[in-house]
Amino acid sequence: GELNMMGVTLAPRISCPRKTLRAQESMWYMPEVRNHQVFLDHFEGNFIFIFDLTSSVKWEAAMGIMQTVLVVIVLAIGALLFSRDVDQLVLLPIERMIGKVNRIRFDPLYAIRLSEADNNTKSNTKATDRPKVVRKANGKRRFGTRDSKPKHTATLETKMLENTIIKLGSLLALGFGEAGVRIIAENLDDDSAQVRAKIPGSKVEAIFGFCDIRHFNVATEVLKEQTMVFVNRVAAIVHEVVDQHAGAPNKNLGQAFLLVWQLSHFAKEYRTKVADLSVMAFIKVVAAVSRDKRLAEIVEHPLLRSRMPDFRVSLGFGLHLGWAIAGGIGSDCKIDASYLSPHVNLAGQLEQATELYDLSILMSEPLVRTCSTPFRRHFRAVDHVQLSGSRIETMLFTVDLQPRILNIDPLPRRTQPSETNSQTRAQRKEQALSPDHQVHLQLYHDKRVRQMRSPYTRDFFQDYERGLLNYFAGEWDVAAPVLEKTRTMLCQTGVSMDGPSKVLYDFMESSGFKPPVGWRGWRSLDSKTS
C-alpha cells in the first residue's frame, strides 16, 4: 500500500523533502536490518534519512551546460578552420579557375595577360628577398639572406591546375594569334568536348605587311645551328616594334613574317592613324635591325664575311591594304590561323619587288591613299605596275632610307620586363593612337630616321619626279637623261646607285628609249622582270 512517513526536516526552507525535492535532488538512506524477525516483532516502522542534493545537482547542471557550450564552440571553431582551408585550398581556386576560363572563352588573348601578371608577381616576390649585407665585428662585410636556410614551398595541385590552364590558354593565343581568336572563342564557348577547328572564315579589311630577311640562304649555310638564334632575334625586334605600333604578328615562315593591322579592331576615325603606324613600324624596324649589336655579333662569322664581305642584316618590306578571309587553314591533323586573299599575296609580291628596286619598303597605292597627307608627302612614287595575279595596276611608293649609314649600337638592345608586360604594351598602343600623337613628326624628331633619310635631297626628289612623270607620259627621250642623272646623283653622299632610277632607265633602254605601242603609263611586273 501507500508508504506512510513521519519525520522532522532539518532544512529550514524545506517542509517536506518527499514532496518538495525531485528524485534526482535527494538521496535516501535506510538502516540495514540484519534480523528481520526481531524487526517485525518489535518495530512498527523504519528510519529513513533523506539528504538534500539540490546545490550539487545545480552545480552539475551548470557544469554540463558549460561543457556543452564549450563543445559547441570547439566544434564551431574546428568547422570554421576546416571550412577556411577548404575555401582557400579547393573552393576559391576552383572559382578562380572557372572565372579565368570564362574570361578566356570571351577573350582568348586574356590568357597571355594572366601569364604576364603571374610572372610579374613572382618577380616582385623575388625582389623582396634580396641579399642583405651583414657587417661582422672585424669590419668586413658578408652577403647573406634574411634566412640562412632556403625556403621550399610545395605547389598545391589546385595551383598547378590553375597554372596549367593559364599556360594552355597562353600557348593557344600565341599559336593562333589574332586570326585564331574566333576559333578559340567558339570552341571554348561550346559545351561539347569535340574540337571544331575548321569553322567558316570571316571577311576582314586589314593592312598586310610582309617582311623577309635578305640573303637568308647564305646565312643559313654558314650559321647552321646559330640560325635559330639569328632568326629569333630578328623576330623579336620585328614583333616588338609592330606590337608597339598597334599591329599583330600572324605567321612566321622561317625567313619571312606576316604582320597584320586588322582595321575592324579600330574605329573608322583611326584608319588613317593605323595606316601611318604601319608604315612607321617598318621604318623603325629597319633602324632597329641595322643597329642591333647582337645581330652584328652573330653575322661576324669568318666564313660569312669571306663569302659576303659587306654583309649586314637587312630586311625587305611590302605593305598593302585590302580584304582577306581570316580563319583556320589545314586539316584535323594540323591547322593554322591565317589570312587568305590575293591582297595578302600582293604584300608578298611587293616585298619581292624591293630587291628589284633595291629598296627597304614598298607600299601599294590603296595604303598610301589611306595615310595622312602630311605623312605621304614624304613618300616617293617609284613605278606604276600591274603585279602578277592582280587584275588592276597600282602605283608603287617607298620611304627612302639608307640603313647602312647607321652605326651599330654599342650596347646590346635589351628587352626589359616592363616592355613585355601586356599592360605597358596596351598603354603604348593607346599613346600611339591618341590624337596628340602625330606619326609623321617622327620623321623629324627621331634622329635615327633623320640620319637614314639625310642623303636624299630636295633636288634629287624634284629631278626624279620630273623624270617619272615624263616616263608615265611616254616621253622617254626626255625621261631617260633625267633618270640617268638621278641614278648616280646620290653617289656624292656616299650612297650606292638609286635603285628605282636604274630599273626605269634599264626598262626604257631595253625598248630603245621608245614606249611600246599603246603605252598607258604602266607595265606588268612579275618575277621574270629585271
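In the predicted model, helix H8 comprises 18 residues and spans 26 Å from its first C-alpha to its last, close to the 26 Å expected at 1.5 Å a residue. The helix covers residues 227–244. Its buried positions include the aliphatic and aromatic residues Phe-230, Val-231, Val-234, Ile-237, Val-238, Val-241 and Val-242. Thr-227, Arg-233, Ala-235, Glu-240 and Asp-243 are likewise buried in H8. In general, residues three or four places apart on an α-helix point the same way, because there are 3.6 residues a turn.

Asp-243 lies within H8 and has a relative accessibility of 12%; since burial requires a value under 20%, this residue counts as buried. When residues up to four places away in sequence are set aside, Asp-243 touches Arg-425 and Lys-429. H8 is followed by Ala-246, which adopts a positive phi near 70 degrees.

Helix H21 (residues 499–510) contains 12 residues, and the distance between its first and last C-alpha is 16 Å, close to the expected 16 Å at 1.5 Å a residue. Gly-499, Pro-500 and Ser-501 are buried in this helix, as are Val-503, Leu-504, Tyr-505, Phe-507 and Met-508. The elements covering these buried residues include helices H12 (342–357), H19 (458–472) and H20 (476–489). Strands E11 (380–387) and E13 (523–525) also contribute to the cover of the buried H21 residues. Just after H21, Gly-512 takes a positive phi of about 70 degrees.

Terms used: Residues numbered from 1 in each chain as written. Predicted model: local features only at pLDDT ≥ 70, side-chain atom pairs only at ≥ 80, totals over all residues. Heavy atoms only, no water. Helix = DSSP H or I, 4+ residues; strand = E, 2+ residues; numbered from the N terminus. Buried < 20%, exposed > 50% of the residue type's maximum accessible area, 1.4 Å probe, protein only. Contact = heavy atoms within 4.5 Å. Expected span 1.5 Å × (residues − 1).
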